[in-house]
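Let's take a walk through a protein together, stopping at a few charged and buried spots along the way. Have the structure open and turn it as you read.

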Amino acid sequence: QIENQIKQQLSYSRALVLESVNNKSDELAEGTKLLATDFGFRSAVATGDKATILSALKNLTQRIDADHAMLISLENEIIADTSDPDFSQTKYFDNQNLIDTADEYDMASTFMTLNGELAEFVVVPVLAPIPIAWIGVSVTLNDEKALEYSSLLPDGLDLSFYTQSSDQEWSFSASTLPDEERILMITPAMLGGLENEIQELQREDGGNLLLLGTNFPSIAPQQKTFALLQYSLDVAFKPYKSMIIGLSILAAISLSVLIFGSIIIARGVTRPMRLLADAASRISVGDYTPVQHFKEHLEVDQLATSFNQMI
């Protein structure tokens with residue numbers, strides 16, 4: 001029953017992580033659209049006023065709690081970039097699929113690697129009234145962000161994010177796990193199964209984990225992002241193990257008291273019976289000495305009285 005409850009928590013938590021990620025994308029998009037519709041910003045984009053554009057992008061990242069923002073031209077050239085404000089060489093945004101999606105749906109979001117780190121990236125158009133440029137904003141998906149997402153989940157659950165590069169190698173991107181426990185547990189062959197049903201995995205140290213994951217659809221080419229939820233059965237059963245140990249100790253104490261009490265009671269009954277038996281033996285050899293009374297045992301005392309009357 002406990003294991004079933006954990007499985008229900010995993011399923012609920014997966015849905016909650018997906019909802020949280022989507023909500024974050026929507027927040028980034030809505031905040032960015034406010035800037036994209038600002039007349040002063042559109043004028044700066046139209047005139048190529050890089051200083052004004054860069055200042056507006058920096059203010060945008062602070063307002064919507066993003067880590068990075070850039071302005072992309074219709075030719076996919078990066079006009080301004082808050083992570084590299086003074087770049088001298090021409091740079092291009094190489095995800096045309098993301099631009100095309102934003103053009104069709106008025107926004108697009110995906111997970112992609114930026115500056116060597118996994119990020120949640122959102123693109124919205126600057127319209128006047130047709131697109132004249134694109135604003136891209138991102139939030140780095142690091143350990144701190146993983147902790148933020150996991151704070152919404154039930155206690156005992158750990159959340160990890162994996163990315164698969166173009167060479168098909170999977171690696172950790174962010175996790176709530178301690179560094180010493182960050183062992184890559186999943187393989188590409190396991191991903192489909194983990195997304196469809198909860199699986200149990202035995203670790204090398206003998207511990208058992210319940211795993212459930214989800215794959216984030218990516219518009220970024222040659223990249224996949226996978227979120228993995230895990231719950232340790234050892235942690236789940238730990239409170240119950242303490243209770244079982246406590247009940248076992250209590251049962252042992254109760255049994256000891258019962259045995260000790262039985263011994264005392266047995267001795268209290270067998271001693272007077274043994275004295276009566278000895279008196280009967282003495283009678284057989286002519287000794288008619290009466291037996292003592294046993295006031296603490298009513299039935300035995302009545303027997304002793306009858307025995308003395310017989311003598």
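Which side chain meets that of R282 in a salt bridge? The partner is D287, with 3.6 Å from N to O. Keep in mind as you look that this is a predicted model. How much of this pair can be reached from outside? R282 has a relative accessible area of 28%, so it counts as partly exposed. D287 is partly exposed too, because its relative accessible area is 29%.

That pair belongs to a wider topic, since the structure holds 5 salt bridges. Now find K91, which forms a salt bridge with D81; here the closest N and O atoms are 3.2 Å apart. This pair links distant parts of the chain: D81 is in strand 2, K91 is in the loop between strand 2 (78-81) and helix 4 (96-105), and 10 residues separate them. Is D81 buried or exposed? With a relative accessibility of 3%, D81 is buried, because buried means under 20%. K91 has a relative accessible area of 24%, so this residue is partly exposed.

K91 has another partner to look for. Its side chain also meets that of D84 in a salt bridge, at 3.6 Å from N to O. D84 is partly exposed, because its relative accessibility is 31%. Put these pieces together and you have a network of salt bridges that links D81, D84 and K91.

Next, let's turn to charges on the surface. Which residues form a negative surface patch? They are D26, E27, E30, D65, D67, E117 and E144. Helix 1, running over residues 2-36, gives the largest share of this patch, with 3 residues. Try picking out E144, which sits in helix 5 (residues 143-150). Its relative accessible area is 62%, so E144 is exposed, the word used for values over 50%.

For the last stop, let's look at a buried residue. A56 lies in helix 3, which covers residues 50-64. Why does A56 count as buried? The reason is its relative accessibility of 16%, because the cut-off for buried is under 20%. Which residues does A56 touch once its neighbours within four places in sequence are left aside? A56 is then in contact with L35 and F41. Take F41 as an example: this residue and A56 are 15 residues apart in sequence, and in space their C-alpha atoms are 7.3 Å apart.

Terms used. Residues are numbered from 1 along each chain as its sequence is written. This is a predicted model: local features need pLDDT of at least 70, side-chain atom pairs count only at pLDDT 80 or more; totals for chains, interfaces and linings use all residues. Side-chain values use heavy atoms; hydrogens and water are left out. Helices (H or I, at least four residues) and strands (E, at least two) are DSSP runs, numbered from the N terminus. Buried means under 20% relative accessible area, exposed over 50%, partly exposed in between (1.4 Å probe, protein chains only). Contact means heavy atoms within 4.5 Å. Patches are made of residues with over 30% relative accessible area and no salt bridge: like charges are joined within 9 Å, nonpolar side chains (Val, Leu, Ile, Met, Phe, Trp, Tyr) within 5 Å. Accessible areas come from the Shrake-Rupley method with a 1.4 Å probe; for residues, only the protein chains shown count as cover. A salt bridge is a side-chain nitrogen of Lys or Arg within 4 Å of a carboxyl oxygen of Asp or Glu. Lys and Arg count as positive and Asp and Glu as negative; His and the chain ends are not counted. The place of a charge is taken as NZ of Lys, CZ of Arg, CG of Asp or CD of Glu.
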